[in-house]
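Here are a few exercises to work through with the model open beside you. Try each one before you read the solution.

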Amino acid sequence: MLLANSLAILILGRDWRLSEDSEAKSNAAYIKIMSWFLDSNSSPYSIHRISLQGNQYDKKVGEWFGPNTISFVLKSLITSHPASNLNCHVCPDGVLYKDQMQTALSTNSHTSLTTISPSTTNSPVLILIPLRLGIETLNPVYVPALLKCFEIRQCVGVAGGKPNSSLFFVGAEMSTGNLFYLDPHYNRPAVEIKDLSSYKLQDFSTYHCQIIRTVSIHRIDPSLVLGFLIKDLQDFEEFCKIVEPITSGKTPLFTIGDTEPDYSQNDLLVLSDDEDDFM
């Protein structure tokens, strides 16, 4: 859901809404995006592909994917799907390094969707930051910063959940601390696999909910993934300024560094077992 939302924002824009009155070109783009998630081995982001990709991370089909695993699985699927015109950067240690992001944004590794969006000189980047913000429950010290994420323009949602239940959080009500979410466990009829030109917008109506669901932020699981969509270097510079309040202080949600430290062996102090002065 987080990835689908990112692609919809990237290709259609945040203001786009599903409507028969929308331009034919944008509706065709929407159908194209949805086809990438259909229940088929041929769909690049289907549950089949996600499950099989998990084998590379020692996850058998049906096993639970933690924040780190699903982040790297999505990165692998995005990398193998040039049509998305999207790069993915994962921060497994909760640190976002500027030099790595600048490289990712400057690398046009995918072919643009010329029939959907204009060609670009860079590849937008989906940042995935897997975190554990507590042991059994969400540590209250992180609540203000986590709520703040939903006010950031580049935020594309948070993948998380409640105990034993995965959810996708799309927004927050700041006054109450409630999160708005989509529930992937709510079963709906599968969409038939057919030629893209044969689809109508109503064929994908089950991908959209009619009821707003909320949950208190204090009830969510502490393991989650933050998602941010960065379109270019200027957008990234703006993002770094916006997130400063939640990436600094005594309890930052995550941190931003200039470059990743060099942990080569030449820089490490090695103590042998025969060290007499070791205490």
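Helices (H or I, at least four residues) and strands (E, at least two) are DSSP runs, numbered from the N terminus. This is a predicted model, in which local features need pLDDT of at least 70 and side-chain atom pairs count only at pLDDT 80 or more, while totals for chains, interfaces and linings use all residues. Residues are numbered from 1 along each chain as its sequence is written, and side-chain values use heavy atoms, with hydrogens and water left out.

**Exercise 1.** Place Asp58 and say whether it is buried or exposed.

Start with the backbone: phi of Asp58 is near 60 degrees, a positive value in a residue other than glycine. Next, find the loop between α3 (47-53) and α4 (67-79), where Asp58 lies. Now the surface: buried means under 20% relative accessible area, exposed over 50%, and partly exposed in between (1.4 Å probe, protein chains only). Asp58 has a relative accessible area of 70%, so it is exposed.

**Exercise 2.** Do the same for Asn85.

Phi of Asn85 is also positive, near 55 degrees, and again the residue isn't glycine. Asn85 sits in the loop between α4 and β1 (87-90). Its relative accessible area is just 4%, so Asn85 is buried.

**Exercise 3.** Work out what surrounds His89.

First, locate His89 in strand β1. With 9% relative accessibility, His89 is buried. Then list its contacts (heavy atoms within 4.5 Å). Skipping neighbours within four places in sequence, you get Leu96, Gln100, Met101, Val125, Leu126, Ile127 and Leu128. Finally, check for a polar contact, a pair of N or O atoms within 3.5 Å; within protein, one must be able to donate a hydrogen and the other to accept it, and residues adjacent in sequence count only if both atoms are side-chain atoms. The side chains of His89 and Gln100 make one, at 3.4 Å.

**Exercise 4.** Classify two aromatic pairs, Phe37 with Tyr45 and Phe236 with Phe239.

Rings of Phe, Tyr and Trp (its six-membered ring) pair if their centres lie within 6.5 Å; planes under 30 degrees apart count as stacked, over 60 as edge-to-face and the rest as tilted. The whole structure holds 11 aromatic pairs. For Phe37 and Tyr45, the centres are 5.3 Å apart and the planes at 35 degrees, so call this pair tilted. Phe37, at 16% relative accessibility, is buried, and so is Tyr45, at 3%. Phe236 and Phe239 are stacked, 6.4 Å centre to centre with 25 degrees between the planes. Both lie in helix α7 (residues 233-242), 3 residues apart, about one turn of the helix.
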